[in-house]
Amino acid sequence: MKNSLKFGWILLLLLVAMASRAQDSSSLYVAQLLHPQSDSVRTHAIGRLVALRIPATFPLLMAINDKKLYLLDNQAITIDGKPSDEEKYRLHRVYPDTRPLHNSSGDPLLLSLSQLKTVDIPRADRLLLLPIAPLFNLYSPDAQKRIQAYGQLTDLQDPQVQKILADVVSKETDYNALRIGKESLYAIQLHTAKNEATAKAYIDSIARNWSDNASALLTAYGSGKAFNTNTANYAIEKAKQLESKYDNLQRIQNLFSGLSLGSILILIALGLSIVYGLAGVINMAHGEFMMIGAYTTYCIQMLFSRGYGDWFFIISLPLSFIVAGLMGLILERLVIRHLYSKPLESLLATWGISLILVQTARLIFGDLTAVKTPQLLAGGWQAAPHLTLPYNRIFIIALTAVMVLLTYLMLFKTKLGLQIRAVTQNRQMSACLGVETRRIAAVTFFIGSGLAGLAGCAITLIGNVVPDMGQTYIVDSFLVVVTGGVGKLAGTIVSGLGIGFFTKISEAFFQAVYGKVFILLFIMLFMQYKPKGLFPDKGRIAEE
């Protein structure tokens with residue numbers, strides 16, 4: 001027992017001595033690199049640091065590789081990538097530790113390049129860093145650079161790389177980088193496995209981790225680099241299982257995309273359905289109200305360009321509704337009120353108005369603008385590996401649900417809603433009962449146009465703002481209205497979701513154009529059997 005303890009202490013002291021010796025050697029080579037007596041001494045020092053592969057020297061070697069190594073008071077430093085307005089840079093020490101430098105007041109130290117001494121390393125010496133260059137970014141504060149570094153580790157037989165990688169992965173904090181790092185580590189361990197049981201254990205680890213390249217990695221291993229036939233078959237079977245799971249998740253992703261597309265169609269068609277049912281007007285300019293809402297959001301963003309974070313989008317939601325609603329009200333007062341119950345004349349008149357609005361927007365804003373995604377809605381919810389639900393589309397779905405609920409409450413729980421439904425069913429009888437049908441029509445047109453403007457604000461989250469963006473959705477909106485039943489809230493919801501789902505499902509099997517043709521053919525056949533939509537009027541109303 002005493003001999004075992006003595007041996008253990010001796011081994012521990014040897015390891016400590018070796019580590020200290022390596023550290024002392026690295027300090028010596030760093031000194032020779034920064035203050036070389038000759039070019040050959042500097043070249044030898046860089047070669048030895050590459051061979052030692054001590055993580056503490058990686059920031060220094062990375063600065064050499066990036067040609068950003070400087071001296072300040074004999075300290076090895078590097079600069080931040082972005083200069084200040086005065087062309088000054090933040091400074092970071094790179095050896096023996098890595099930390100930002102501060103002035104006497106505790107603020108970040110900012111200096112210009114003229115105040116620093118450049119350490120010039122010839123290209124021939126920098127080329128010596130190529131064998132370990134992928135390891136540098138393992139220690140980068142940028143998660144994307146670490147992900148890239150994990151993916152570049154191809155020296156699967158180097159135990160030192162495995163040791164460094166294991167240490168870095170154990171300290172990784174970013175979720176995506178951790179998955180990629182584990183995959184690279186498991187791949188190294190799999191290719192160096194000494195028996196079948198160990199190889200299968202690492203195959204299971206790669207499958208459970210299920211990073212982006214897991215299936216391809218297992219397939220390649222099973223095709224020629226496997227430990228034996230059993231592990232090859234096992235790896236290929238795991239790869240097939242991962243591909244099957246991935247296909248299932250893609251179907252879920254398509255359904256979610258169909259739900260978000262259906263939500264957009266519902267939001268656009270909601271106002272169109274109410275207006276068409278009440279006034280009998282085919283409003284071809286309805287898509288341009290959506291465009292007006294989108295450009296309202298863009299203008300608010302320009303006003304808030306100097307700050308205020310996500311407030312520009314929060315303010316844009318009600319303003320896009322109000323601005324588009326007012327434009328709809330003006331259109332109703334000037335043109336539409338003269339065309340009630342005249343579908344053909346209203347179609348031609350509103351089509352001409354849509355062309356005028358599109359050209360006006362093009363003259364004012366140009367052909368292409370964009371609204372930045374609010375920080376709160378950037379990224380997505382990682383529901384499962386390889387299944388990310390974007391926050392912007394989740395927001396669109398939630399916004400549509402809220403607006404459908406508010407529209408329902410307005411139509412069925414308020415006096416205004418009762419009057420709108422009465423005028424929709426029988427305008428003459430409503431007028432005889434004292435309902436101001438012209439006022440109700442104007443209010444309805446304001447609400448319908450406002451809903452389209454709100455849809456335009458929402459669409460800026462997933463696409464660019466262009467003058468003819470409304471024409472992309474107007475046909476689908478009319479399909480939603482006629483398929484669901486004119487003026488029917490439930491029909492608008494069901495047909496909007498149905499068309500959204502069918503569009504995304506058909507695009508998975510056909511090209512987008514052919515998928516659209518398939519949807520149109522399906523609706524044409526459906527209308528042969530249900531000419532008044534999913535939810536037609538019943539009783540005397542239907543007869544009229």
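What follows is a conversation about a predicted model, in which a visitor asks for the reasons behind the terms used.

Visitor: Why is leucine 363 called exposed?
Guide: Exposed means over 50% relative accessible area. Leucine 363 has 67% relative accessibility, so leucine 363 counts as exposed.

Visitor: Where is leucine 363 found?
Guide: Leucine 363 belongs to helix α14, which covers residues 343–365. Its C-alpha atom is 9.3 Å from that of proline 467, although these positions lie 104 residues apart in terms of chain numbering.

Visitor: How do you know that the length of α14 is close to what is expected?
Guide: The expected span is 1.5 Å times one less than the number of residues. For the 23 residues of α14 the expected value is 33 Å, and the helix reaches 32 Å from its first C-alpha to its last, so the two values are close.

Visitor: Which residues of α14 are buried, and what covers them?
Guide: The buried residues are Ser346, Thr350, Ile353, Ser354, Leu357, Val358 and Ala361. Their cover includes α12 (286–303), α13 (311–334) and α19 (470–484). After α14 comes glycine 366, with a positive phi near 90°.

Visitor: What does the UniProt record say about residues 347–365?
Guide: The unreviewed UniProt entry annotates them as "transmembrane region", and residues 394–412 are also among the spans listed. In the model, residues 347–365 are 100% helix and 0% strand, with end C-alpha atoms 27 Å apart. Residues 394–412 are likewise 100% helix and 0% strand, and the end C-alpha atoms are 27 Å apart.

Visitor: What makes the contact between arginine 42 and aspartate 39 a salt bridge?
Guide: The rule asks for a side-chain nitrogen of Lys or Arg within 4 Å of a carboxyl oxygen of Asp or Glu. The N to O distance here is 3.2 Å, so the pair meets the rule. Side chains of opposite charge can pair when their charged atoms come close. Both residues lie in helix α2 (residues 39–52), three residues apart, about one turn of the helix. Asp39 and Arg42 are also linked with Asp125 in a network of salt bridges.

Visitor: Are arginine 42 and aspartate 39 buried or exposed?
Guide: Buried means under 20% relative accessible area, and exposed means over 50%. Arginine 42 has 9%, so arginine 42 is buried. Aspartate 39 has 53%, so aspartate 39 is exposed.

Visitor: How do you know that arginine 93 and aspartate 97 form a salt bridge?
Guide: Their N to O distance is 2.6 Å, which is within 4 Å, so the pair counts. Arginine 93 is buried because its relative accessible area is 15%, while aspartate 97 is partly exposed at 32%.

Visitor: Why are lysine 200 and glutamate 196 separated by about one helical turn?
Guide: They are four residues apart in helix α9 (residues 196–209), which means a separation of about one helical turn. Their side chains meet in a salt bridge at 3.1 Å, N to O. Partly exposed lies between the limits of 20% and 50%, so lysine 200 at 25% is partly exposed, and so is glutamate 196 at 24%.

Visitor: How many salt bridges does the rule give?
Guide: The count comes to 10.

Visitor: Which residues form the nonpolar patch on the surface?
Guide: Val402, Leu405, Leu406, Tyr408, Leu409 and Phe412 form the patch, with about 530 Å² of accessible area together. Leucine 409 is in helix α15 (residues 391–413). A patch residue needs over 30% relative accessible area, and leucine 409 has 36%, so leucine 409 passes that cut-off.

Methods:
Residues are numbered from 1 along each chain as its sequence is written. This is a predicted model: local features need pLDDT of at least 70, side-chain atom pairs count only at pLDDT 80 or more; totals for chains, interfaces and linings use all residues. Side-chain values use heavy atoms; hydrogens and water are left out. Helices (H or I, at least four residues) and strands (E, at least two) are DSSP runs, numbered from the N terminus. Buried means under 20% relative accessible area, exposed over 50%, partly exposed in between (1.4 Å probe, protein chains only). UniProt positions are given in the numbering used here, feature names are shortened, and annotations may be inferred rather than shown by experiment. Contact means heavy atoms within 4.5 Å. Patches are made of residues with over 30% relative accessible area and no salt bridge: like charges are joined within 9 Å, nonpolar side chains (Val, Leu, Ile, Met, Phe, Trp, Tyr) within 5 Å. Accessible areas come from the Shrake-Rupley method with a 1.4 Å probe; for residues, only the protein chains shown count as cover.
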